[in-house]
Amino acid sequence: MKNALMINFEKNQIIMTSLFAKKCSDTSSEEYARLQSVRQDYPNYDVITRQIKKKKGKKSYKGLTYEYMEDYIMTHEPEETMMDVLDEFSEMRIISECHSQAFRYPVIKKWFLNKYPEIVRFGTLNAEYSA
């Protein structure tokens, strides 16, 4: 496990990932033994679980999968342009395979949200009515 357990000498902390912490709950595990070894070396250090910094105001689109995008195109695109848009979508997915995993989905998501901006606004009209 890469960088699962780190030592911050400035703050006197032993920092572990949440996955490492979960594995440490089994007292017979390798991770538990490793943590105890480090704690013996640094008995006055605090043991903490690393928290991922989340960007404030970040928009997330839970459920916006490739399958959802394809279904949305088939149901909302006019018949005369649907096949062209589906072909473009398929081509983008094929091209994205040559890029690293981190860049595949975001590029296609950006294209989809630019093409169908109503997805971004979905739910905001209902929020206005409930006020």
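**View 1. An aromatic cluster in the predicted model.** Tyr 66, Phe 89, Tyr 105 and Trp 111 come together as one aromatic cluster in this predicted model. Across the whole structure, the search returns 10 aromatic pairs. Two of these pairs are shown in the next two views.

**View 2. The aromatic pair of Phe 9 and Tyr 45.** The rings of Phe 9 and Tyr 45 are arranged edge-to-face, with 6.5 Å from centre to centre and 75 degrees between the planes. Phe 9 sits in the loop between strand S1 (5–8) and strand S2 (13–16), and Tyr 45 in the loop between helix H2 (30–41) and strand S3 (46–49). The pair thus links distant parts of the chain, 36 residues apart. Phe 9 is exposed because its relative accessible area is 52%, over the limit of 50%. Tyr 45, at 17% relative accessibility, is buried, since this value is under 20%.

**View 3. The aromatic pair of Tyr 72 and Tyr 116.** The ring centres of Tyr 72 and Tyr 116 are 5.3 Å apart and the planes stand at 75 degrees, so this pair is edge-to-face. Tyr 72 belongs to helix H3 (residues 66–76), while Tyr 116 lies in the loop between helix H5 (101–115) and helix H6 (118–121). The pair therefore ties together parts of the chain that are 44 residues apart in sequence. Both Tyr 72 and Tyr 116 are buried.

**View 4. The largest nonpolar core.** This core has 15 residues, and those that touch the most other members are Met 69, Ile 73, Phe 89, Trp 111, Phe 112, Tyr 116 and Ile 119. At least two residues of the core come from each of H3, helix H4 (79–96) and H5. H4 gives the largest share, with 5 residues. Phe 89 and Trp 111, listed here among the core residues with the most contacts, are also members of the aromatic cluster of the opening view. Tyr 116, another of these core residues, is the partner of Tyr 72 in the edge-to-face pair. With residues up to four places away in sequence left aside, Ile 119 touches Tyr 68, Tyr 72, Phe 112 and Leu 113.

**View 5. The second core and two cysteines.** Separate from the largest core is a second one of 9 residues, including Leu 5, Ile 14, Phe 20 and Cys 24. Cys 24 is buried, because its relative accessibility is 7% and the limit is 20%. Cys 98 is exposed, because its relative accessible area of 62% is over 50%. The number of disulfides in the model is 0.

**View 6. The three-stranded sheet.** The strands form an open sheet of 3 strands in the order S1-S2-S3, and the pairing is mixed. S1 and S3 are the edge strands, each paired on one side only. From one strand to the next, the twist averages 25 degrees. S1 and S2 are antiparallel and share 4 bridges, whereas S2 and S3 run parallel and are also joined by 4 bridges.

**View 7. The hairpin of S1 and S2.** Between S1 and S2, which form a hairpin, there are 4 residues. Asn 12, in the turn, has a positive phi of about 55 degrees. Along the antiparallel pairing, Leu 5 is opposite Met 16 in S2, and Met 6 is opposite Ile 15 in S2. Leu 5 is also one of the members of the second core.

**View 8. The two faces of S2.** In a regular strand, side chains alternate between the two faces of the sheet. In S2, Gln 13 and Ile 15 point one way and Ile 14 and Met 16 the other, and all are buried. Gln 13 counts as buried because its relative accessibility is 18%, under the limit of 20%. The contacts of Gln 13, apart from residues up to four places away in sequence, are Met 6, Ile 7, Asn 8, Tyr 45, Asp 46 and Ile 48. Tyr 45 in this list is the buried partner of Phe 9 in the second view.

**View 9. Val 47 in the edge strand S3.** Val 47 lies in strand S3 and is the bridge partner of Ile 14. Val 47 is partly exposed because its relative accessible area, 32%, falls between the limits of 20% and 50%. Residues up to four places away in sequence aside, Val 47 touches Ile 14, Met 16, Leu 35 and Arg 39. Val 47 and Glu 67 are 20 residues apart in sequence, and their C-alpha atoms are 42 Å apart in space.

Notes:
Residues numbered from 1 in each chain as written. Predicted model: local features only at pLDDT ≥ 70, side-chain atom pairs only at ≥ 80, totals over all residues. Heavy atoms only, no water. Disulfide = S-S within 2.5 Å. Buried < 20%, exposed > 50% of the residue type's maximum accessible area, 1.4 Å probe, protein only. Phe/Tyr/Trp six-rings, centres within 6.5 Å; stacked < 30°, edge-to-face > 60°. Contact = heavy atoms within 4.5 Å. Pairing = 2+ DSSP bridges. Axes fitted to C-alpha atoms, helices over the stretch in contact; angles between N-to-C directions. Core = buried A, V, L, I, M, F, W, Y, C linked by side-chain atoms within 4.5 Å.
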